[in-house]
Amino acid sequence: MIVFKTFWNVVKKYKGTVILYTVLLLVFGFLNMSTKDTQTDFVNSRPDIFIINKDKDGLLTKNLISYLGENSNRKEIKEEEDSINDALFYRDINFVIYIPEDYSKEVMEGSNPEIEIKSTGDYQASLASRMLERYLQIQTIYKKKETDEENLIEAINHNLKTSAKVEIASSLDTTKTTNSSRYFNFASYSIMAVVIFVVCLVMSSFKEKNTKKRIIISSMNYKEHNRKLLLASFVYSSIAWLLFILLGAILLKDILFTTRGLIYMLNAYLFTFCSLTIALLISTLITDKNAVSGIVNVIALGSSFLCGAFVPSEWLPKGVLQIAHALPAYWYINSNDLLKTIEVINRESLKPILINSLVLIIFSVLYIILNNIISKYKQKIG
Amino acid sequence: MKNIVEVKNVTKEYKELKAVDDLSFVVKEGEILGLLGPNGSGKTTTINCILSLLNINKGTIKIFGKIMKPDAYDIKKDIGVVFQEVAVFEELTVYDNLDYFCGLYIKNKKQRKEYIEEAIALVGLENYKKFYPKQLSGGLLRRLNIACGIAHKPKLIFLDEPTVAVDPQSRNNILEGIKTLRDRGATIIYTTHYMEEVELLCDRIIILDKGKVLAEGSADELKELANMDEKITVEVDHIKETVIEKIKYFKNVHEVSLERNTLIVTYKKGKNNLSELIDLLKENKVTYSKIFSERPTLNDVFLNLTGKELRD
Ligand SMILES: Nc1ncnc2c1ncn2[C@@H]1O[C@H](COP(=O)(O)OP(=O)(O)OP(=O)(O)O)[C@@H](O)[C@H]1O
Ligand SMILES: [Mg+2]
């Protein structure tokens, strides 16, 4: 109990830091709320699609492709399943359309050949999907009247033009999700600062050479003492997380009480835990308090800049993002960005988020292992 | 009297250097044992070895009759240590520091509170309970450091140079506190390189040099080893060689030396040495500005045993 109590007494001395970063997050959150109209910057309404066309000569096919081309960005990638899946995973494309051989011919002959699709399940993908559906619906309706291919095409195009461009409604309110994603992205900075900074400082107090000697010669088992310290720092980190979630609940309101909100929170929790493992690693490496604050600033600020906590990651140069892959914050932020546009939450659309979470867990385990190795080594030479 | 600590043939080597060299001694129940030695003589290393903070190369260490090991918690619970360097939490108040360090031993809150209040009273920090270490003067900080080491009422206390760089007021407070602890029944091992302190405080003294015991005994016993009983220093204006020769012929005189204007005469034993010398100087019309007689100090003992001064 005394270890817990003392841990908190020391933490209390650093409450200024906690307040500072909490206020920063609060201010950012408020500013974020008042700049709603810029959300289109972040959610591109033209989906990136990739078309694999096995029906090169069909006139109907050509018309379909040109219609899709007008309303989306056609991307060219390698026609291999692996590269297609990669492109979908990395959101280079949102939607893939497979047009089978003799598509036009079969339609004209009255059968209903299937067009296969692959989708990322996000907002853009749903736009593409609705676009395709609309076209096919019109085609089906007019096919019943027209038997000539060219007449059919004319009729379809006429209808597409005259029928008022139906605004494709999405069930997803991207204003809200954009706000949440930006809030949680920025929170990565606050989480890192509050967890790493405070835990490192508190730990360095307990691990100061002479204090440590005092603990070792006492009648309390040193290992047990340190286990209690670890538990205390774990509880502290969890409370910090809870604080930021509560703040989020105030700012973002109802969105946090949805499945999507739950995933935002879990993602943030994983990141908090990962930050804690970083903090423990640093505190094993460095016990000098003055060095700690410098290093923590570099780590928290640096990783927040590189991984897109402050500005949308789309705005960052590719090279920077490549480097950012080595940092846990990148994977955390990537999940937040995905949550911004996922239309339907299902196994398929959650897959990339699950992978990001796995990476965060792997990072944490890595830091824990590294921490153990280093502290064993330090004990030996000490 | 029981042996509280038994150190037998303990050697601790750092690479080439033998910091502790085949050291053996015992500490008896209820005594204050002084470990006296110049800087680097191995005092701190000896303590760290006894506490199992360092692995020893050779020898055995018993405390309370049991072999001391890093996990001997039943022994550790009755030991208190005040290290040479101040070890407290900057982020905690005087009271909270004590609460933590005492809490490592004493689980019961009510009992702990009593113990802490007692420790605070012992070192005279009653008015500083809510202060942070940064707000304390050097002397007060040392007192806090001591209180943190002894608040849990240990039976055996190690104090490693607790009075280094401390103002006279705090020093007196600390020395009084240590006596009080002894009077309450604690056994104390006290290291220092201030010989006045050991003389004032310690029941028994061990003089260390280069990790070895040079001599052991009470202050009076040790002074026998100084090879003299009295030392008279005279600041003369001028003195002739013939007068010095005459002094040498006094029956108790051990040695006479003159350096610049300082005449030092040491005696093996005897009475009335001072008045004899004054009379002689008067007879020979030697004028002087100062004359005083001293009993030998532990420094003289150390000087005699090693040929060097205890303090540099
Ligand atoms: N970790 C170490 N590595 C190598 N040598 C050491 C180490 N610690 C102490 N020594 C050496 O061991 C010798 C004894 O040191 P120790 O600190 O025990 O002396 P001390 O009597 O406590 O001196 P002081 O009065 O300065 O505190 C010194 O020569 C010192 O340089
Ligand atoms: Mg020392």
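Visitor: Taking contact to mean heavy atoms within 4.5 Å, how many residues does each chain bring to the contact between chain B and chain A?
Guide: Happy to start there, with the reminder that this is a predicted model. Under that cut-off, the contact draws on both chains. Chain A contributes 24 residues, and the number from chain B is 29.

Visitor: Which three residues supply more than any others of the area that chain B buries against chain A?
Guide: The area buried between the two chains is about 2500 Å², with 60% of it given by carbon and sulfur atoms. Of the part that chain B buries, 26% comes from just three residues. They are Glu91(B), Tyr100(B) and Leu104(B).

Visitor: What is the salt-bridge partner of Lys289(A)?
Guide: Between chain B and chain A the count is two salt bridges. In the one formed by Lys289(A), the closest N and O atoms are 2.9 Å apart. The partner on the other chain is Glu91(B).

Visitor: Which element gives the largest share of the side of chain B that touches chain A?
Guide: Eight residue pairs are in polar contact between the chains. On the chain B side, α2 (73-76), β6 (79-82), α3 (94-103) and α5 (138-150) each supply at least two residues. The largest share is five residues, and the element that gives it is α3(B).

Visitor: By class, how many nonpolar residues are on the side of chain B that touches chain A?
Guide: Sorted by class, that side has four polar residues and eight charged ones. The nonpolar count is 17.

Visitor: How many residues apart are Lys212(B) and Asp21(B)?
Guide: Over all chains, the whole structure holds 22 salt bridges. One of them joins Lys212(B) to Asp21(B), with their closest N and O atoms 3.3 Å apart. Lys212(B) sits in β10 (residues 212-217) and Asp21(B) in β2 (residues 17-28) of chain B, so to speak distant parts of the chain, and the separation is 191 residues.

Visitor: Why is one side of β2 and β4 of chain A left without a neighbour in the sheet?
Guide: Chain A has an open sheet of four strands with mixed pairing, in the order β2-β1-β3-β4. β2 (73-74) and β4 (116-119) stand at its edges, so one side of each is free of a neighbour because each has a single partner strand.

Visitor: Which residue is the bridge partner of Asp48(A) in β2(A)?
Guide: β1 (residues 48-53) of chain A pairs with β2(A) in the parallel sense, over two bridges. In β2(A), the partner of Asp48(A) is Asn73(A).

Visitor: At about what angle does helix α4 of chain A run to β1(A)?
Guide: Helix α4 (residues 59-71) of chain A lies across β1, β2 and β3 (95-99) of chain A. The angle between α4 and β1(A) is about 170°.

Visitor: Which residue stands opposite Val10(B) in β2(B)?
Guide: Chain B has an open sheet of four strands, ordered β2-β1-β4-β5 with antiparallel pairing. At the edges are β2 and β5 (66-67) of chain B, each pairing on one side only. β1 (residues 3-14) of chain B pairs with β2(B) over eight bridges in the antiparallel sense. Opposite Val10(B) in β2(B) stands Leu23(B).

Conventions. Residues numbered from 1 in each chain as written. Chains lettered and ligands numbered in written order. Predicted model: local features only at pLDDT ≥ 70, side-chain atom pairs only at ≥ 80, totals over all residues. Heavy atoms only, no water. Pairing = 2+ DSSP bridges. Contact = heavy atoms within 4.5 Å. Axes fitted to C-alpha atoms, helices over the stretch in contact; angles between N-to-C directions. Buried area = accessible area lost by both parts, 1.4 Å probe. Salt bridge = Lys/Arg side-chain N within 4 Å of Asp/Glu carboxyl O. Polar contact = N/O pair within 3.5 Å; in protein donor to acceptor, adjacent residues only side chain to side chain. Nonpolar A, V, L, I, M, F, W, Y, C, P; charged D, E, K, R; others polar.
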